[in-house]
Amino acid sequence: MFRGSIPPLPTPFRRGRIDEEALRGLVERVIQGGSHGLSVGGTTGEPGTQTLEERKRVIEIALEQAAGRVPVIPGTGALRLEETLELTRFAREAGAQGAMVIVPYYVKPNQEGLYRYFAEVAQAVPDFPILIYNIPGRAGVEIAPRTVARLRRDFPNIVGLKHSSKDLEYLSQLFQEVGQDFLVFCGLESLTLPMMSLGAVGTIAATANWLPKEVARLTELALAGDFQRARELHYHLLEANEAIFWDTNPIPLKTVLSWMGLLEKEWRLPLGPTTPEVEERLRAMARRYRLIGEEA
């Protein structure tokens, strides 16, 4: 179903509005770079600062530009269940191949609440593949492997999970609970290879917006069992992977993409520009990876 490198795209803004032309360019860039899919509306896309209509428009643009060449798996989660259901239904009707639904943030629900929340989503779109987005650092709570296993048993369209945590033990426990055919994607850039060595089928890594070919190739090598060459790419990508988190994502990502001429250096509050010190580090990193020239 879904495999390999699925870059989570940032949402470009220009004077406060979604920059549709720039977004189409980002979609085209990752597809031409060999990515195996793409996602919009996840953490990297700043969905919490957008209206439902804006989020829907981003999904439409991504699907139009991708034109069926790769799967599009938009993030459709929100704190309010009603908004999640509306966006997930919209994604299915618009032609997306699946949806990624974040563990509800801020309220820190218990496991029964999480089960019932995802059960409602799965029942609303029974023929539509759902990836659970486990990101305890932002959500404030982690969905337990047993809860995931319970959901998978009850709802066949819950097909996988994006794991954005350094906890690799969780991954082993998850596979023991749900089986190794469950589609797990790495959500922390520098842990792509370690997670794939444990059974993950790919990565949803923001670094692929900078270096789509390299990230896609790493996942292909890992899926083929060629861990020696995958390890070489892992270390080659290490600094770029770490740079994504030198400030809050997507600030470093958008800063470098702006220098590359791919979007405006613009966020929505409360996000803001990074420090001059971080910009200096980012500029040096971007030059080493030849994302920008020496004169930039």
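**Exercise 1. The largest cavity**

Task: State which residues line the largest cavity, then describe that lining by element and by class.

Solution.
Step 1. Glu189, Ser190, Thr192, Leu193, Thr203, Ala205, Thr207, Val215, Leu218, His234, Leu237 and Asn241 line the largest cavity of this predicted model.
Step 2. At least two lining residues come from each of helix 8 (192-198), helix 9 (212-223) and helix 10 (227-243).
Step 3. Helix 10 provides the largest share, three residues.
Step 4. Sorted by class, this lining holds five nonpolar, six polar and one charged residues.
Step 5. The space inside the largest cavity is about 80 Å³.

**Exercise 2. The second largest cavity**

Task: Find how many cavities of 30 Å³ or more are counted, and describe the second largest cavity by its lining.

Solution.
Step 1. The count of cavities of 30 Å³ or more is two.
Step 2. The second largest cavity holds about 50 Å³ of space.
Step 3. Its lining is made by Thr11, Val40, Gly41, Pro47, Gln50, Arg55, Val58, Ile59 and Gly75.
Step 4. By class these divide into four nonpolar, four polar and one charged.

**Exercise 3. The two largest pockets**

Task: Give the volume of the largest pocket and of the second largest pocket, and describe the lining of each.

Solution.
Step 1. The largest pocket has about 470 Å³ of space. It is lined by 24 residues, and those closest to its centre are Thr43, Pro47, Gly48, Tyr105 and Arg138.
Step 2. Strand 4 (99-102) and helix 5 (136-139) each contribute at least two residues to the lining of the largest pocket. The class division there is ten nonpolar, ten polar and four charged.
Step 3. For the second largest pocket the volume is about 280 Å³. Of its 20 lining residues, Ile135, Ser164, Gly187, Leu188 and Phe245 lie nearest the centre.
Step 4. Helix 5 gives the most to the lining of the second largest pocket, namely three residues. This lining divides into seven nonpolar, eight polar and five charged residues.
Step 5. Two names recur in these lists: Pro47 lines the second largest cavity and is among the residues closest to the centre of the largest pocket. Helix 5 supplies lining residues to the largest pocket and to the second largest pocket.

**Exercise 4. Aromatic pairs**

Task: Determine how many aromatic pairs the whole structure contains, and classify each.

Solution.
Step 1. The search finds two aromatic pairs.
Step 2. The ring centres of Tyr115 and Phe155 are 6.3 Å apart and the planes meet at 45 degrees, so this pair is tilted. Tilted pairs fall between the cut-offs of 30 degrees for stacked and 60 degrees for edge-to-face.
Step 3. Tyr115 belongs to helix 4 (residues 111-124), whereas Phe155 is in the loop between helix 6 (145-154) and strand 6 (158-163); the pair links distant parts of the chain, 40 residues apart. Tyr115 and Phe155 are both buried.
Step 4. For Tyr117 and Phe118, the ring centres are 5.4 Å apart with planes at 80 degrees, so this pair is edge-to-face. Tyr117 and Phe118 are also both buried.

**Exercise 5. Arginines over tryptophan rings**

Task: Which arginine sits over Trp246, and which lies over Trp259?

Solution.
Step 1. Over the ring of Trp246 sits the charged end of Arg281, 3.9 Å from the ring centre.
Step 2. Over the face of Trp259 lies Arg283, at 3.9 Å from the ring centre.

**Exercise 6. Strands 5, 6 and 7**

Task: Trace the bridges from strand 5 to strand 6 and from strand 6 to strand 7, then state how far strands 6 and 7 are covered.

Solution.
Step 1. Strand 5 (residues 130-134) runs parallel to strand 6, with five bridges between them. Ile130 has Ile158 of strand 6 as its bridge partner.
Step 2. Strand 6 and strand 7 are also parallel, joined by four bridges. Gly160 is bridged to Leu183, and His163 to Cys186.
Step 3. In strand 6, six of its six residues are buried.
Step 4. Strand 7 (residues 183-186) is covered on both faces, with Leu183 and Phe185 buried on one side and Val184 and Cys186 buried on the other.

**Exercise 7. Gln180**

Task: Is Gln180 buried or exposed, and where in the chain is Gln180 found?

Solution.
Step 1. Gln180 lies in the loop between helix 7 (168-178) and strand 7.
Step 2. The relative accessibility of Gln180 is 67%, so it counts as exposed, the cut-off being over 50%.
Step 3. Between the C-alpha atoms of Gln180 and Thr203 the separation is 16 Å, and the two residues are 23 residues apart along the chain. Thr203 is one of the residues lining the largest cavity.

How values were computed. Residues numbered from 1 in each chain as written. Predicted model: local features only at pLDDT ≥ 70, side-chain atom pairs only at ≥ 80, totals over all residues. Heavy atoms only, no water. 1 Å grid on protein atoms, 1.4 Å probe; cavity = no way out; pocket = protein on both sides within 12 Å on 5 of 7 lines; lining within 4 Å. Points joined across faces, edges and corners; volume = space filled by probe spheres on them. Nonpolar A, V, L, I, M, F, W, Y, C, P; charged D, E, K, R; others polar. Phe/Tyr/Trp six-rings, centres within 6.5 Å; stacked < 30°, edge-to-face > 60°. Buried < 20%, exposed > 50% of the residue type's maximum accessible area, 1.4 Å probe, protein only. Lys NZ or Arg CZ within 6 Å of the ring centre and 35° of its normal. Pairing = 2+ DSSP bridges.
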